[in-house]
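Thank you all for coming. I would like to take a few minutes to walk through one chain with you, going from its overall form down to single residues.

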Amino acid sequence: MNLHELYPYPEERSKVKRVGRGTASGQGGTSGKGHKGQNARAGGGVPAWFEGGQMLLYRRLPKRGFKNPFRVVYQVINLGELFEKFADQAEVTVEDLYAAGMVSADRPIKILGDGVATKPLKITAHKFSKQAAEKIAAAGGEAISIEG
């Protein structure tokens with residue numbers, strides 16, 4: 001197989017309309033751009049968001065509130081999912097959660113208390129909800145927070 005044999009085949013490709021090749025080309029003398037004006041010039045035209053000189057939409061709308069650039073967004077896992085997935089293990093680390101595909105490695109992890117802690121399990125995560133930590137401790141396990 002060669003590069004020129006890959007799909008789409010040359011005969012399936014539509015021909016590109018060659019404009020600006022004279023009056024007999026089928027596009028007339030202006031090559032389909034009309035007469036004069038900003039859009040008729042080389043390099044001319046306006047951006048898609050241009051509103052004809054009217055105040056731009058993003059400038060007309062009010063800006064409200066505060067966007068915290070240091071906000072931390074956690075990936076959440078419920079206790080029920082955790083005890084279901086790692087029923088045969090005694091200890092669950094952050095690396096185990098990444099390897100299991102439950103979360104991605106780009107954001108910190110928070111364990112939430114939805115579900116039942118069925119056995120003592122030593123869990124390591126970035127953060128725990130109060131209810132999750134209580135349930136883990138009640139089952140005889142340990143909740144180890146990385147962030148402190």
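I will begin with the chain as a whole, then turn to its two sheets, and finish with a few individual residues.

Please keep in mind throughout that what you see is a predicted model. The chain contains four helices and six strands, and if you read along the sequence, these elements follow the pattern α-β-α-β-α-β-β-β-α-β. The radius of gyration is 31 Å, whereas the globule rule gives 15 Å for 148 residues, so the chain is more spread out than a compact globule. In terms of extent, the C-alpha atoms fill a box of roughly 85 × 55 × 20 Å when the box is taken along the principal axes.

Some further totals help to fill in this picture. Of the 148 residues, 18% count as buried, and the chain exposes about 11,300 Å², of which carbon and sulfur atoms supply 53%. If we consider the contacts between residues at least 6 apart in sequence, 43% of them join residues at least 24 apart. As for charge, the chain has 22 positive and 15 negative charges, and the mean positions of these two groups are 21 Å apart.

Let me now move to the sheets. One is an open sheet of three strands in the order 1-3-5, with parallel pairing. Strand 1, residues 75-78, and strand 5, residues 127-128, each have a single partner strand and stand at the edges, so one side of each is left without a neighbour in the sheet. Strand 1 is joined to strand 3, which covers residues 109-112, by four bridges, and within this pair Gln-75 stands opposite Ile-109.

There is also an open sheet of three strands with the order 2-4-6, and here too the pairing is parallel. The edges are taken by strand 2, residues 91-92, and strand 6, residues 142-145; each of these has a single partner strand, so one side of each has no neighbour in the sheet. As general background, strands of a sheet pair through backbone hydrogen bonds, either parallel or antiparallel. Strand 2 is joined to strand 4 by two bridges, with Val-92 standing opposite Ile-123. On the pairing with strand 6, strand 4, which spans residues 122-125, is held by four bridges, and there Thr-124 stands opposite Ile-144, while Ala-125 stands opposite Ser-145.

Which residues does Thr-124 contact, once its neighbours within four places in sequence are left aside? This residue of strand 4 is in contact with Val-92, Thr-93, Val-94, Ile-144 and Ile-146. With a relative accessible area of 16%, Thr-124 is buried, because that value falls under 20%.

Finally, I would like to point out two residues in the segment before helix 1, where helix 1 itself covers residues 57-60; one of them is Ser-31, and Lys-36 lies in that segment as well. Ser-31 has a positive phi of about 60° although it is not a glycine, and Lys-36, also a residue other than glycine, has a positive phi near 50°. Are these residues buried or exposed? Ser-31 is buried, with a relative accessible area of 18%, whereas Lys-36 is exposed, with a relative accessible area of 67%.

How values were computed
Residues numbered from 1 in each chain as written. Predicted model: local features only at pLDDT ≥ 70, side-chain atom pairs only at ≥ 80, totals over all residues. Heavy atoms only, no water. Pairing = 2+ DSSP bridges. Rg over C-alpha atoms; globule rule 2.2 N^0.38 Å. Buried < 20%, exposed > 50% of the residue type's maximum accessible area, 1.4 Å probe, protein only. Contact = heavy atoms within 4.5 Å. Areas by Shrake-Rupley, 256 points an atom, 1.4 Å probe, with all protein chains shown as cover. Lys, Arg positive; Asp, Glu negative; His and termini not counted. Charge placed at Lys NZ, Arg CZ, Asp CG, Glu CD.
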